[in-house]
Amino acid sequence: SIQMAFNRMKVLADKGNKDAIFEVAKTYAWNPNDSESDRRKRLLGWSIIEDGAQKGAPASEEINREAIVWLQKSIDQQVPNFHQSLYWLAFYYYYGLGTQEDTAKTLQLLKQAKAEAEKSQDFVFKEKIEKTLDQLD
């Protein structure tokens, strides 16, 4: 079952496996316009917001708080593609999902995500971050 597989992935993540940490973070996290993330949440039976600016975000505050924990863990561990975690975490602070709204923190995370995406030579994701920064100005 998907729940059993997710639980096994969490066990690997808890043991420090960086790929597992990223995948657990990605599963919990609100990844705007990411159909794989939405699919995972739906398979796990989690409710997601169906419309509006927060479309695709988990409806549960508990899941949003878990997302923040796992995103931060992936950033702290500097897992592969952690610039994506920085980007996704910024939305939690922007909208106040599972945390307080914090525009300064949002901008700091986005700027850090942009720098890390550039270091990783992920220019497609860097462009996505730049568009988001432009929209916030």
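**A walk through a helical model**

Let's start at glutamine 78, which sits in the loop between helix H4 (61-76) and helix H5 (82-95). Helices here are DSSP runs of H or I with at least four residues, numbered from the N terminus. The model you are looking at is predicted, so local features need pLDDT of at least 70 and side-chain atom pairs count only at pLDDT 80 or more, while totals for chains, interfaces and linings use all residues. Residues are numbered from 1 along each chain as its sequence is written, and side-chain values use heavy atoms, leaving out hydrogens and water.

Back to the loop. Glutamine 78 has a phi near 50°, a positive value in a residue other than glycine. Is this residue buried or exposed? With 53% relative accessibility, glutamine 78 counts as exposed, because the cut-off for exposed is over 50% relative accessible area, with buried under 20% and partly exposed in between (1.4 Å probe, protein chains only). Asparagine 81 lies in the loop between H4 and H5 too. The phi of asparagine 81 is also positive, near 65°, and at 36% relative accessibility asparagine 81 counts as partly exposed.

Now step into H5. Of its 14 residues, 12 are buried, so this helix is largely enclosed by the rest of the structure. Among the buried ones are His83, Leu86, Trp88 and Phe91, and the buried residues of H5 pack against H2, H4, H6 and H7. Take histidine 83 as an example: its relative accessibility is 1%, so it counts as buried. Leaving out residues up to four places away in sequence, histidine 83 touches Ala113, Glu116, Ala117, Ser120, Asp122 and Phe125, where contact means heavy atoms within 4.5 Å.

How far should the 14 residues of H5 span? The expected span is 1.5 Å times one less than the number of residues. For H5 that is 20 Å, and the end C-alpha atoms are 21 Å apart, which agrees. Just after H5, glycine 96 takes a positive phi of about 70°.

H5 also helps to build the largest nonpolar core. Such a core is a set of buried Ala, Val, Leu, Ile, Met, Phe, Trp, Tyr and Cys residues joined through side-chain atoms within 4.5 Å. This one has 37 residues, and Tyr28, Tyr87, Leu89, Tyr92 and Ile129 touch the most other members. Helices H1 (2-14), H2 (18-28), H4, H5, H6 (103-119) and H7 (123-136) each give two or more residues to this core, and H5 gives the largest share, 9 residues. In soluble globular proteins, nonpolar side chains tend to be buried together. Tyrosine 28 has contacts beyond its neighbours within four places in sequence, including Phe6, Trp46, Pro58, Trp70 and Tyr92.

Finally, look for empty space. A pocket is found on a 1 Å grid over the protein atoms alone, as an open set of points where a 1.4 Å probe fits, with protein on both sides within 12 Å along at least five of seven lines; lining residues have an atom within 4 Å of a point. The largest pocket is lined by 26 residues, with Trp30, Pro32, Asn33, Ala53 and Phe91 nearest its centre. Helix H3 (35-43), H5, H6 and H7 each give two or more residues to this lining. So H5 contributes both to the largest core and to the lining of the largest pocket.
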